[in-house]
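Student: Please take a close look at a single part of this structure, and place that part in its wider setting before turning to its details. I should like one connected account rather than a list of separate remarks.

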Amino acid sequence: MSQSSEHNTTTDDEQQMRALRELVLGESGQVVKQLLQENARQVVSEVFSEALFDREKKDGSVNKVILPLVEKSVERSVANHSEQMVGYLYPLVGSLVRKSVTAFITDLMEKTNSLIENSLTIKGLKWRFKAWQSGVSFSQYVATQTFAFRVEQVFLIHRETGLLLNTISAGLQNSADADLVSSMLTAINDFVSDSFNVSAEKGEQQLDVVKTEDFTLLLKQGPKAVLVAAISGNAPQKVADQLQLSLEEIHKLYAQELKQFNGDASAFINSEQQLRDCLLAELKTTENKSQKRPWMAWGIVLAVIIVICYLGFVRWQANQYLGKLRLIDDEPGIVLTFAQLSGFASLQLKVLRDPQAVSIESWLNQQQLDKADIDVKERAYVSLDSAIIKQKVQSILGNFVGIQAEWQDKLPTFNGELSNLNKLRLQTELNKVPGLDFKTQWLDGINIAGSESNAADDPAIIRAILDLNIAKLEHITIKFEQGESTLSEQDINSLIVLRDEFVNLLPIAEQQDLSLGLIIMGASDATGSSAFNKALSQKRADVVKNKLEELGIDKNRLNAIGLGIIELKTSGDGARKVLFNVVYFDAT
Amino acid sequence: MIQKKICLLGATGVGKTSLVKKYVEGIFSEKYLTSIGVKVDKKELELASTKVQFMLWDIEGIDRYCGFQPKYLRGASAYILVADQTRSQSLIEGYEIQQMVKDVADIPGILAINKSDLAASWHWNDSEIAQIKSSFAMSFNTSAKTGEGVEPMFTELAKLLVESL
C-alpha cells in the first residue's frame, strides 16, 4: 500500500512538474521560443560581430562560408554594374599602371646607365679584362669591385629537416640551386657540430660563419629555423644584426607554421619581406663615383655625331650634284629619263642620247663635274631637236665644199656651186635627216656647175643614179582597206614624198634628154567578182593619180591603170594596193 | 609542393649512390660523400594530389666498425635501407643499421634489395627474407643498372608520406 501511495506521489509530482512547465514554457517550450523569436533580431545583433570573430578564430570556417557569397556578389556587381565597378577601380588601376611604368622606366634607365658606365669607361674595359682573366662573370666581378659588400642571396632553412622554406636573391635569378644548397649546408653544419664537439657540456657546436677571401656565408641559428646570407665582399656586423632581427621576426610571425612544418613551404611565401630586409649592400666609394665621367661614352657619342654630320654633308653634296646633273636634260639631243641617288653618295643616271649630241663624258667635263660616282646608262635615239638637226645638216655640208646653209628660224636655204650629181647626193643626204622635212626649193640657191669634163656628169653615171632613185621611188606603195578606194592621211604623206622625189628627178632627166612618166597601177585582192575588182582597181589608181595631180605633177606624165585581181597565192592582203612604175624615154 | 627529406642508408658497396644517380637531378659531386659523409640530391615527382620534392641524403656506407652519424637522420621523413642481394653480409649489416635508426628516429623504413639484375646469391631463404621485410614499411627489388624498381619505389614512398599527412 505504502509502495503504491509512494508510486502515486511520484506520478503526481511528475504530472505537477509537467503542468508547471507547460504553464511557464507553454506547450513544448512555445512561450520561450516565441519570446526568443520576437527578440531574435536584437539578441543576434548584439553578439553578431563577436560571434563571427570567435568562430573565425576557432576554426576559420566563417571565411569559408563568406568567401563564396562575396565572390558571387562581386561577380554580380561586375556583370550588372560594370560601369560603377570600373569607376571604383579606375583610380586604383591608373595609379598602379603609372607606378609600374615608372618603376620599369627607372629600372631601364639605371640598367642602361650602368651598362654604359661599365662597358664604355676605361675602368669598365679593364674590369671586363680582369673578370675574363680570373674566370668569373663580368657582373660578379663588377659586384665585387663596386660594392664593399653585398648580400647576394638569403636562405631561410627549416632547422630540423634542412629543407628550404624560402629564398631571395639580389640578382635576377638564384645562382645556386637553393634546395640543394640548404640541405648541404645543414649537412655540413651537422658534420661540423659532430666532428668538433670538444665538450659535450657546452652543447652543440654551430656553424656561424663560412668565409673565403671575398665571400662569406653567414648563418644565424634559431630554435626552428636557420637564416643564411651569402655575402660577397667583407660583411660588416650590421648584416649579422639584421639577420638576427629578421630571424627573430620570422620566429615570432611563423611560430605555428614552423612547429607544424610538414614539407609544405608555401606557408612561408610571405616571409620574403623579412628576407628582403637582409639584402643589404654598400657601395665602395661614393666620391670616386661622382668624379667619374664616362669619357669613352662621350667620345663615342661625339664620334657618332661627327659621322652623322659627315654623312649628312656627303648626302647634301650628292643632292646638289644631282641637281646639277639634271641640267643635262636641257642639252639638245639628250633626254634624261632617270636620275637618282643610289646607295649613299653614288648616282644613277639613265639617258637617251642622239649619236650626234655631245657625249655624256664631255658634257660632264664641260660642267666640271666629277664622273667617279655616276653610273650612266645610255641608249641611242633619234632627236628632233632643231639644234641637233642643224648639227646634222652642218655635218653633211662638211662633205660638200663650198655650200653654205642659211637658217631662217628652223628652215635652211642652201647656196653655193655644185655639180648636178653632187646636188642630187646632197638632196639625198638631206632627205635622210629625220625631222628636217626637206623641201627641194631649199636647194634653189645652188648653181649647177655645168662642166662637161666632170666625170660626175658622165651620162652613164647620171643614168645609173637616176635608176637608183627611180628604184627607191618604186618602193612606195599605197595600201587600201578591203573594197575601199579612199586615201588616208598617211597615204597622202607618202604621195607627197613620192611627188618630191619624182619632181627632183625631172631636171636631171631633162638634162639627159629623157622624159619621165609615172605609171600608177591599181590592184585588188580576189574577194568579189572580177568585174567589180577590175573597176575597184581602176578606181584606186585614179584616186592616186588625181591626188598626185593635185600635188602638182603634170597630168601628162601620169597614167593610171586598173590591173584587176592580182592572182598570186602569196599576195593575200598585200594585193589591195596601188603600185608605181617610173618609165623614161628619149624626149626627142 | 611538399618537400621531404629521405635518407639512404646501407653497407658499403651496396649501390646506394648508383641507385639514385640516374634518378635524380643533383649538382653536387660525389667527393662530398668521402669528405663529409653525405651528398644531397633532389628529385621532384608528381602525384595525383600534389607535387613532391625529395631531398635525398645519400649517407656514406656504414659498416660495423664505422660510427653512425645520427644527426643526418634528423628531420627525415623516411629512410631507404639498401641491401645487395649478392652479398649476405649486406643484409646483416642492414639489419644492424635498422636497429641503430630505430634508436634515434621513429620513421618508416623502406628496404631496397638491390642488384636485382644479377642472380641472388645470398644464403637467405624466403621465410627469413619475408621476416626481415616485415619489419619495413615496404620493400622493393631494385636494380641501379637497369633502373628496375627504382621509380616505383620512390613513387610508392611519396604516396606513403603524403597520404600519412
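Tutor: Helices here are DSSP runs of H or I with at least four residues, strands are DSSP runs of E with at least two, and both are numbered from the N terminus. By that assignment, residues 295-316 of chain A are 100% helix and 0% strand, and the C-alpha atoms at the two ends of this span lie 31 Å apart. In an unreviewed entry, UniProt annotates residues 295-316 of chain A as "transmembrane region". The model is predicted, and the predictor assigns the complex an ipTM of 0.84 together with a pTM of 0.44.

The rest of chain A serves here as background. Its secondary structure comprises 18 helices and 16 strands, and 23% of its 588 residues are buried. Of the contacts in chain A between residues at least 6 apart in sequence, 64% link residues at least 24 apart.

The part chosen for the close look is strand 4 of chain B, with the elements around it. Chain B has a mean pLDDT of 83, with 88% of its residues at 70 or more. Five helices and six strands make up its secondary structure, and from the N terminus they follow the order β-α-α-β-β-β-α-β-α-β-α. Of the 165 residues in chain B, 41% are buried. Among the contacts in chain B between residues at least 6 apart in sequence, 74% join residues at least 24 apart.

Strand 4 of chain B covers residues 78-84, and because seven of its seven residues are buried, this strand is largely enclosed by the rest of the structure. The burial holds for both faces: Ala78(B), Ile80(B), Val82(B) and Asp84(B) point one way, Tyr79(B), Leu81(B) and Ala83(B) point the other way, and all are buried. Asp84(B) is thus among the buried residues that point the same way as Val82(B).

Strand 4 of chain B has two parallel partners to consider. It pairs with strand 1 of chain B in the parallel sense over five bridges, and in this pairing Gly10(B) stands opposite Val82(B). Strand 4 of chain B also pairs with strand 5 (residues 109-114) of chain B, again in the parallel sense, over six bridges. Here Ala83(B) stands opposite Ile113(B). Between strand 4 and strand 5 the chain passes through helix 3 (residues 88-104) of chain B, and this β-α-β crossover is right-handed.

Beyond strand 5 of chain B, the loop that leads to helix 4 (126-134) contains Lys115(B). Phi of Lys115(B) is near 65°, a positive value in a residue other than glycine. Lys115(B) counts as buried because it has 24 C-beta neighbours inside 10 Å, where the cut-off for burial is 20 or more.

On the strand 1 side, Ile6(B) offers a useful point of view, as this residue is found in strand 1 of chain B. It has 23 C-beta neighbours inside 10 Å and therefore counts as buried. Leaving aside residues up to four places away in sequence, Ile6(B) touches Ala78(B), Tyr79(B) and Ile80(B), among others. Its contacts also include Ala76(B) and Ser77(B), as well as Phe54(B), Met55(B), Leu56(B) and Trp57(B). The C-alpha atom of Ile6(B) is separated by 9.6 Å from that of Leu157(B), although the two residues are 151 apart along the chain.

Several of these contacts lead to strand 3 of chain B, which spans residues 51-59 and pairs with strand 2 (residues 38-46) in the antiparallel sense over nine bridges. Four residues form the hairpin connection from strand 2 to strand 3 of chain B. Within this pairing, Lys42(B) stands opposite Met55(B), and Met55(B) is also one of the residues touched by Ile6(B).

This brings the account back to the partner chain. In the interface, 22 residues of chain B are in contact with 18 residues of chain A. On the chain B side, the elements that give two or more residues are strand 1 (2-10), strand 2 and strand 3. Strand 1 of chain B gives the most, with four residues. By class, this side of chain B has ten nonpolar, seven polar and five charged residues. Strand 1 of chain B therefore has two roles in this description: it contributes to the side that touches chain A, and it pairs with strand 4, a strand that is largely enclosed because seven of its seven residues are buried.

Notes:
Residues are numbered from 1 along each chain as its sequence is written. Chains are lettered from A and ligands numbered from 1 in the order in which they are written. This is a predicted model: local features need pLDDT of at least 70, side-chain atom pairs count only at pLDDT 80 or more; totals for chains, interfaces and linings use all residues. UniProt positions are given in the numbering used here, feature names are shortened, and annotations may be inferred rather than shown by experiment. pLDDT is the predictor's confidence in each residue, from 0 to 100. A residue is buried if 20 or more other C-beta atoms lie within 10 Å of its own, exposed if 12 or fewer, and partly exposed in between; C-beta atoms are placed from the backbone. Two residues are in contact if their C-beta atoms, placed from the backbone, lie within 7 Å. Two strands pair if DSSP finds at least two bridges between them. Ala, Val, Leu, Ile, Met, Phe, Trp, Tyr, Cys and Pro count as nonpolar, Asp, Glu, Lys and Arg as charged, and the others, Gly among them, as polar. A crossover is right-handed if, with the strands pointing away from the viewer, the path from the first strand over the helix to the second runs clockwise.
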